[in-house]
Amino acid sequence: MRGTILAVLALLTLAACGGGDRGLRQLDNPGGGPDEFSILPSRPLEMPETLATLPQPTPGGANRTDPNPLGDGIAALGGNQNAGRAGGIPAADAGLIGAVNRYGTDPAIRDTLAAEDEAFRRRRGRLSAFGMGRVDRYFAAYAGMALDAYAEFIRFRNLGVQVPSAPPAN
């Protein structure tokens with residue numbers, strides 16, 4: 001009887017160490033197949049009203065059927081689709097860029113933030129110090145940094161900021 005209980009406990013312990021399915025938290029491509037997010041469909045071919053409106057072909061230039069996700073996103077938000085193309089920052093955004101750059105910029109900010117984030121999650125992980133299991137402690141690590149939407153809603157409303165009505169709290 002004791003042997004059976006020990007065997008069941010050992011089996012349960014071994015099963016608990018399994019990697020499991022990380023679901024949406026697994027952001028890399030685990031298989032050897034194609035990455036479906038790296039494929040962008042091209043735009044449909046269309047015949048212009050007059051052939052005189054066709055741009056001159058330039059080596060290495062853009063094609064009318066090439067996807068332009070940045071420009072499409074800008075157009076979806078009500079902006080000028082050509083603002084996302086090469087040529088710099090539109091003059092209308094000069095004030096915004098000046099305010100953002102007032103303290104300088106770090107060209108390696110993404111790498112710095114990724115390293116700091118990984119170090120923070122490693123410090124906050126309970127079993128990661130021992131290398132046991134693939135436990136995702138993302139939400140537990142950042143629980144103290146979560147924003148309470150209703151508290152902010154009330155704070156902004158008390159400051160006199162016009163805020164849209166919020167759904168009732170659960």
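Helices (H or I, at least four residues) and strands (E, at least two) are DSSP runs, numbered from the N terminus. This is a predicted model, in which local features need pLDDT of at least 70, side-chain atom pairs count only at pLDDT 80 or more, and totals for chains, interfaces and linings use all residues. Residues are numbered from 1 along each chain as its sequence is written, and side-chain values use heavy atoms, with hydrogens and water left out.

**View 1. The protein has six helices and zero strands.** Following the sequence, you meet the pattern α-α-α-α-α-α. Of the 170 residues in the protein, 5% are buried (under 20% relative accessible area, 1.4 Å probe, protein chains only). The accessible surface (Shrake-Rupley method, 1.4 Å probe) comes to about 15,000 Å², and carbon and sulfur atoms hold 60% of it.

**View 2. Methionine 1 lies in the segment before helix 1 (2–16).** Methionine 1 counts as exposed because its relative accessibility is 78%, and exposed means over 50% relative accessible area.

**View 3. Met1 belongs to a nonpolar patch on the surface.** Its partners here are Ile5, Leu6, Val8, Leu9 and Leu12, and together the six side chains' residues have about 650 Å² of accessible area. Patches are made of residues with over 30% relative accessible area and no salt bridge (a side-chain nitrogen of Lys or Arg within 4 Å of a carboxyl oxygen of Asp or Glu); nonpolar side chains (Val, Leu, Ile, Met, Phe, Trp, Tyr) are joined within 5 Å.

**View 4. The charged end of arginine 155 sits over the ring of phenylalanine 156.** The distance to the ring centre is 4.8 Å; such a placement needs CZ of Arg within 6 Å of the ring centre and within 35 degrees of the ring normal.

Methods: Patch = residues over 30% accessible without salt bridge, like charges linked within 9 Å, V, L, I, M, F, W, Y side chains within 5 Å.
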